[in-house]
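Got the viewer open? Let's walk through this one a selection at a time.

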Amino acid sequence: MIGADAIIKCLEEEGVKYVFGYPGVAICPFYNSILQSEIQTILIRTEQNAAHAASGMARLTGRPGVCAVTSGPGATNVITGIATAFADSIPLVCITGQVHTDLLGSDSFQEADITGAVESFVKYSYLVKNVADIPRIFREAFHIANTGRRGPVLIDIPINIQNAPISKFQYPAEVNMRTYKPTVKGHAVQIKKVIRELERAKRPIICVGGGVLLSEARDDLREFVEKYRIPVVSTMMGISVMPTEHPLYFGMVGNHGKACANRAMNESDLLIMAGARVADRAVSQPDLITRDKVLVHIDVDPAEIGKNAGPTIPLVGDVKHIFQDFAREEFNCEHEEWLQTLEEYRRTLVVMRSPNPAYVDPAAFITRLSEKMDPDGVYVADVGQNQIWSCSYHIVKEGRFLTSGGMGTMGYSIPAAMGAKLADKRRQVIAVCGDGSFQMSMMELATMRQYDIPVKIIVLKNGYLGMVREYQHYTYKDHYSVVDLSGSPMLDKIAAAYDMRYQLLENMGRVEEVLDTFLGDDKSVLLECLVDPMDLVK
Amino acid sequence: MQKRVFQLLVDNTSGVLSRISGLFSRRGYNIESITAGVTVDPRFTRVTIVTCGDDEILEQIEKQVGKLIDVRNIKELRPEESVYRELALIKVKADPQQRQSIIAVADIFRAKIIDVSKDSLIIELTGNQAKIEAFMNLLDGYEILESARTGIAGLGRGMENVIHLESDMEEQSHFPS
């Protein structure tokens, strides 16, 4: 047995089903050994997308997604994908090949100091210098990635270590790390304090973030808020914690959020942030929101608490554990009047759009699409105007909503959707992107074709980098610079080139018929929707 | 802005110092000095960092550093409960006439002359930062040719807060109070 065989055994021990990647000489021992395994390899078309695909898979399975790329440019290409996962706390284990240990530090061919380069985007990284360390390092890496605040871990393995003989393989049953023990269980005194505030509050609200989904606390949270009738808003990463049309849910907060959600948060007297960072896009003036209310901040990462807003009650721990602890407390709270006020806001604070009938109205289209989607369908939004429209108009039932929230990485949707589809082939998975973001990951149509991954793709085409154009519209008075996408390819021909079905929706006239065909079977389809180039999200 | 001294106990792994200093630079925290050396148990390294910032920054520094996987423990070394020492090497220009008076000043500070050449002396001085600064000020009348300072190393006084290297980690979880 050699190091590469040991790596594969580690992945098998961790229950890994898929590895996304791109080979090169420095990772070839790994890709040779994996042929003996049942783990399926997916040859992605650029390394960044290997991390995105692994991210999509991780978000559906709750297990770290795995990618494996070669040294040098393979490793540097994957950094954006790793940074994207890091910003959204998605667990990944990313394996990079490395040059021979004797050549390390000598600027040899395809050598890059990847552990150094990626340091600020990983939860942890390893450079394996001894083949005997492989089982321990992999055991630790999967543990670190998927406990505490989730995140990517990178393992850099020189080619001679992959080829070195390993005398005996024993996968550690337990992780024994002296320095890493995340706090999972909430402090009992703090929990009691929160309950007391909930009893006292007249206008409580819970703002849920991605942490609720990462800790798989969705059901616990829903049960709790339904029992005590506590209203809920969410950050972008918290979309799909609550069904959009749930009577207690008032939408996404933030500068692209719903007016009623922001108003609800501002007027509350008790705000519980659960698994959310109080990040700048969700809360633009964190010092203001704490001024006239009790702020409870629940986060598994103690460093997030107090980073952006000083909470009245900090509560470190895993959201799931904490809501299970909340559920064990019995208390009374009464805020029907507050709910009625919020209901009133929901009814009255609505954005009136005046869509151009010559084009597809993204708002109406996305609403209609989500109504017709399978209840447990997975909607993957890309970045740009399409993302904001998706956040605003997608109606979540029991499905998931995936997007790159923290980093805002264009091109995320197609590879992430592929990962999600492979994670659960029975589920409908739809990637919605703009014509800019589509072209950033267009090469992955080949991967979809090669491995028969029937993701459905919608391109909201407006011929512009719409989000930047909108910014230039407001900030530079329509002085457009480098946002014109007029060289874009004809998507019908692109679809034909990759053997995909293609549909075109020019305006809302045929929306029912087109969507029925689009969603009608489990084949990949490319649906191009022509959107008014001048349409705005605000 | 206030100065604070943190003591870290970290795993003695390759790259651990770059992980710590990288965190300071990318988050824009100040490092006034950083010293590191292996402990009695070679698996661990003791790091002393002198930093400054307002309360919120200092709290973030403690949390962000504490979050690094290799960092086993971070604690503040409060001046009243700790001892700090720094070592300075100072090369002073000294002709034979000046020598005696420089040596006299050095004696008062219990500094040692560790090298003498025809035109210069090297003085070794250990103490807290205030002492070293006071000494350097006294040498103002002479010409300091070069100096090298180690930055401070520190330890808490007494038996309290001693981390037993083999003990379990329970006492270290980040419970907020």
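Start where the two chains meet: select the 19 residues of chain B that are in contact with 19 residues of chain A. Keep in mind that this is a predicted model.

Now colour the chain B side of that contact by element. Those giving two or more residues to it are α1 (16-26), α2 (55-67) and β4 (71-76) of chain B. Zoom in on α2(B), since you'll find the largest share there, 5 residues. Recolour by residue class and the side of chain B that touches chain A splits into 8 charged, 6 polar and 5 nonpolar residues.

Next, show the whole of chain B as a cartoon. You should see 4 helices and 9 strands, and if you trace along the sequence, they come in the pattern β-α-β-β-α-β-β-α-β-β-α-β-β. The C-alpha atoms of chain B fill a box of roughly 60 × 35 × 30 Å along the principal axes. How much of chain B is buried? Of its 177 residues, 23% count as such. Take the contacts in chain B between residues at least 6 apart in sequence: 74% of them join residues at least 24 apart.

Over to chain A. Select its assigned domains in turn: domain 1 (3-163), domain 2 (188-348) and domain 3 (362-530). Then hide domain 1 of chain A and look at the other pair. The centres of domain 2 and domain 3 of chain A, taken over C-alpha atoms, are 30 Å apart. Where they touch, 10 residues of domain 2 of chain A are in contact with 11 residues of domain 3 of chain A. Colour the domain 2 side by class for a last stop: 5 nonpolar, 4 polar and 1 charged residues.

Conventions
Residues numbered from 1 in each chain as written. Chains lettered and ligands numbered in written order. Predicted model: local features only at pLDDT ≥ 70, side-chain atom pairs only at ≥ 80, totals over all residues. Contact = placed C-beta atoms within 7 Å. Nonpolar A, V, L, I, M, F, W, Y, C, P; charged D, E, K, R; others polar. Domains from an automatic or database assignment. Buried ≥ 20, exposed ≤ 12 C-beta atoms within 10 Å, placed from the backbone.
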